[in-house]
Amino acid sequence: MKVLITGAASGIGYLTALTLAQIGYDVYLTCHTNKEVLNTKEKVLDYKNISVLKVDITKEEDVKKVLSLDVDVLISNAAKAVGGSIIELDENKIKDNFEVNVFSNFSLIKRVLRQMIEKDKGRIVVMSSIAATIPIPFGGVYSATKASVSNMVKSLQKELFLLGTNVKVVLVEPGLYHTGFNQVLFDSKYNDGKYFKDIQDDLYDLEHSFLRLFEAKKLDSIVTYIVRAVLDEKPKSTYHAPMIQSVLARVYNVFRS
């Protein structure tokens, strides 16, 4: 069985690649840049069933490379964090975040999905975020991209049910994990904007205190669910972790005004 994981140079994607390789899958671990490819190859030398590839999902030549592999499982994990106030954020950055997280992501998913439907087998695991259900101040654009991802997957699941295919698409919505991604999201808003300049030091302290308090330090809980999404004969439509964050998110959505 061949598994391809996009955006797997580090964090959740990387640990998932190692876990699936240990189980016995042939894993294509993809990185965004050539530098990441070289660094990652050094780290996985002991894994003979891991191939490290350079894949930028916004580049057609890289997408064609993925399609030629004819994989059994796609874990769509590539994403970009863009933080900043909606008042001040450059429109090109907004468009770029949607291009990576939504448009290019689903272009790849659609094309792999068509291959799988022709074979009447295969599985796609799509990584979204708890940010899809809880909008983040100064992370509204990122939250919007993930809300788009989650809703498109939920619609796609219903369409596949009507089609009667054996191909399954599973949604995974991780909470806050200590991978460095959240820090990039929050810190990328500190630029030359004028509207929040007077309180940016207080915001920085508040956000990083929040992350220290709530980020899960170990990735095992979410990787376990991703592996279940790949292996289980009848996977759930959606997986959430860590549990406490998932519960708090549901409570928030019940009581928000």
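User: What makes the pairing of the side chains of E173 and H240 a polar contact?

Analyst: In this predicted model, the side chains of E173 and H240 lie 2.9 Å apart. A polar contact requires N or O atoms within 3.5 Å, one able to donate a hydrogen and the other to accept it, so the pair qualifies. E173 also has a polar contact of 2.6 Å with the side chain of S150.

User: Where is E173 placed, and which residues does E173 touch?

Analyst: E173 is in strand β6, residues 168–174. Leaving aside residues up to four places away in sequence, E173 touches ten residues' worth of surroundings that include S128, I130, T133, Y239 and A241.

User: Why is E173 said to have no salt bridge with K154?

Analyst: The side chain of K154, the nearest of opposite charge, is 4.6 Å away. A salt bridge must fall within 4 Å, so this pair does not count as one. E173 is nevertheless buried.

User: Why is A147 called partly exposed?

Analyst: A147, in helix α5, has a relative accessible area of 21%. Buried means under 20% and exposed means over 50%, so A147 belongs to the class in between.

User: How do you know whether I244 is buried or exposed?

Analyst: I244, found in helix α9, has 55% relative accessibility. The cut-off for exposed is over 50%, therefore I244 counts as exposed.

User: What makes up the nonpolar surface patch?

Analyst: The patch, of about 760 Å², is made by F210, L213, F214, M243, I244, V247, L248 and V251. Helices α7 and α9 each give two or more residues, and α9 supplies the largest share, 5 residues.

Key: Residues numbered from 1 in each chain as written. Predicted model: local features only at pLDDT ≥ 70, side-chain atom pairs only at ≥ 80, totals over all residues. Heavy atoms only, no water. Helix = DSSP H or I, 4+ residues; strand = E, 2+ residues; numbered from the N terminus. Buried < 20%, exposed > 50% of the residue type's maximum accessible area, 1.4 Å probe, protein only. Lys, Arg positive; Asp, Glu negative; His and termini not counted. Contact = heavy atoms within 4.5 Å. Patch = residues over 30% accessible without salt bridge, like charges linked within 9 Å, V, L, I, M, F, W, Y side chains within 5 Å. Areas by Shrake-Rupley, 256 points an atom, 1.4 Å probe, with all protein chains shown as cover.
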